[in-house]
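Dear colleague,

Please find below the structure that I am handing over to you. My notes on it follow directly after.

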Amino acid sequence: MALKTLKTETRGRVAIVTLNRPDALNALNSELLGELRETLAHFSADDKIGAIVLTGSEKAFAAGADIKEMQPKDYVSAYLEDLFEGWSAVSNTRKPLIAAVAGYALGGGCELAMMCDFIIAADTAKFGQPEITLGIIPGMGGTQRLTRAVGKAKAMDLCLTGRMMDAEEAERSGLVARVVPADELLATAMKAAEKIAGFSLPVAMMVKESVNRADEVTLAEGLRFERRLFHSLFATEDQKEGMGAFIDKRKAQFKHR
Ligand code: HXC
């Protein structure tokens, strides 16, 4: 793949996708979206990949949707092209996807991080939904995923004032899973991704599918869905191997990796 806005690399069973528009603080334009969709589809289809890390630069994960590309649009063109619907490909990625965030994650950048399964943040990370300062509202899930992640009070605060919150506040409010020193960000995200990629892939994918259900359905429906997936795993070789390895006091060698 000849990519202009991304860099990709694989290390063992982990793919690393790095947003790479340094002159624009990784602002998310349509070219980047196209390349990211293609890249995620490629790694999703690759049996040798068990987890994906999405990251940016030291200065910015992404400073939002590309304002220069968006500025000339009118209502009809935005509606007809269903502007930003294409980003749902990221949240629809079925393999585990970790966001490793340093620097700015603003607007669409914060929303992109929230489309991943969890966020590991550098202590330099800054999250925000500054769309209101541009005369728009978040359009890729900022009012929805952020509210589910941090609750109404803080989501309202961030979306209405447009202020940024630092990594410590983001961790305290439940937006990010871990905060690490900036120079340990990629190594920490890689270690988590390698751990996940060492487990059974269908099991990891079912964990993801089931946790995501929690945002979508009632508790009773979610519990039923979880239990049905749980039952189905007793039909797999990896359940036999995982439990057998525990009993034999050896490391499990999962078949479906
Ligand atoms: C296009 C952007 C950009 C963006 C930065 N740049 N953010 N270009 N779209 N979102 C460009 C700048 O124009 C500049 O280009 C270069 O990147 C460096 O940015 P500076 O502003 O010079 O850097 P700095 O002074 O360090 O300030 C960093 C910053 C600021 C605080 C992050 O860039 C900023 O406020 N950016 C916009 C943040 C934002 O509003 N994001 C939300 C976008 S709306 P030149 O050519 O001048 O050097 C959005 C909508 C979501 O995301 C709705 C659905 C997706």
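**Aromatic residues and helix 7**

In this predicted model, Phe230 has a relative accessible area of 48% and is therefore partly exposed. Phe234 also falls in the partly exposed class, because its relative accessibility is 37%. For reference, the partly exposed class lies between buried, under 20%, and exposed, over 50%.

The structure contains two aromatic pairs. In the pair formed by Phe230 and Phe234, the ring centres are 5.3 Å apart and the planes stand at 80°, so the arrangement is edge-to-face. Planes over 60 degrees apart are counted in that class.

A further aromatic ring, that of Phe225, has a charged residue over its face: Arg213 lies there, at 3.9 Å from the ring centre.

I turn next to helix 7, which spans residues 152-161. Which of its residues are buried? They include Ala155, Leu158 and Cys159. These residues lie on the same side of helix 7, because they cover an arc of only 90° around the axis. Ala153 and Leu160, by contrast, are exposed and sit on the other side of helix 7.

The buried residues of helix 7 are covered by elements that include helix 6 (145-150) and strand 9 (164-166). Just after helix 7 comes Gly162, with a positive phi of about 75°.

With kind regards

Conventions:
Residues are numbered from 1 along each chain as its sequence is written. This is a predicted model: local features need pLDDT of at least 70, side-chain atom pairs count only at pLDDT 80 or more; totals for chains, interfaces and linings use all residues. Side-chain values use heavy atoms; hydrogens and water are left out. Rings of Phe, Tyr and Trp (its six-membered ring) pair if their centres lie within 6.5 Å; planes under 30 degrees apart count as stacked, over 60 as edge-to-face and the rest as tilted. Buried means under 20% relative accessible area, exposed over 50%, partly exposed in between (1.4 Å probe, protein chains only). A charge sits over a ring if NZ of Lys or CZ of Arg is within 6 Å of the ring centre and within 35 degrees of the ring normal. Helices (H or I, at least four residues) and strands (E, at least two) are DSSP runs, numbered from the N terminus. The arc is that of the directions from the helix axis to the C-beta atoms. Contact means heavy atoms within 4.5 Å.
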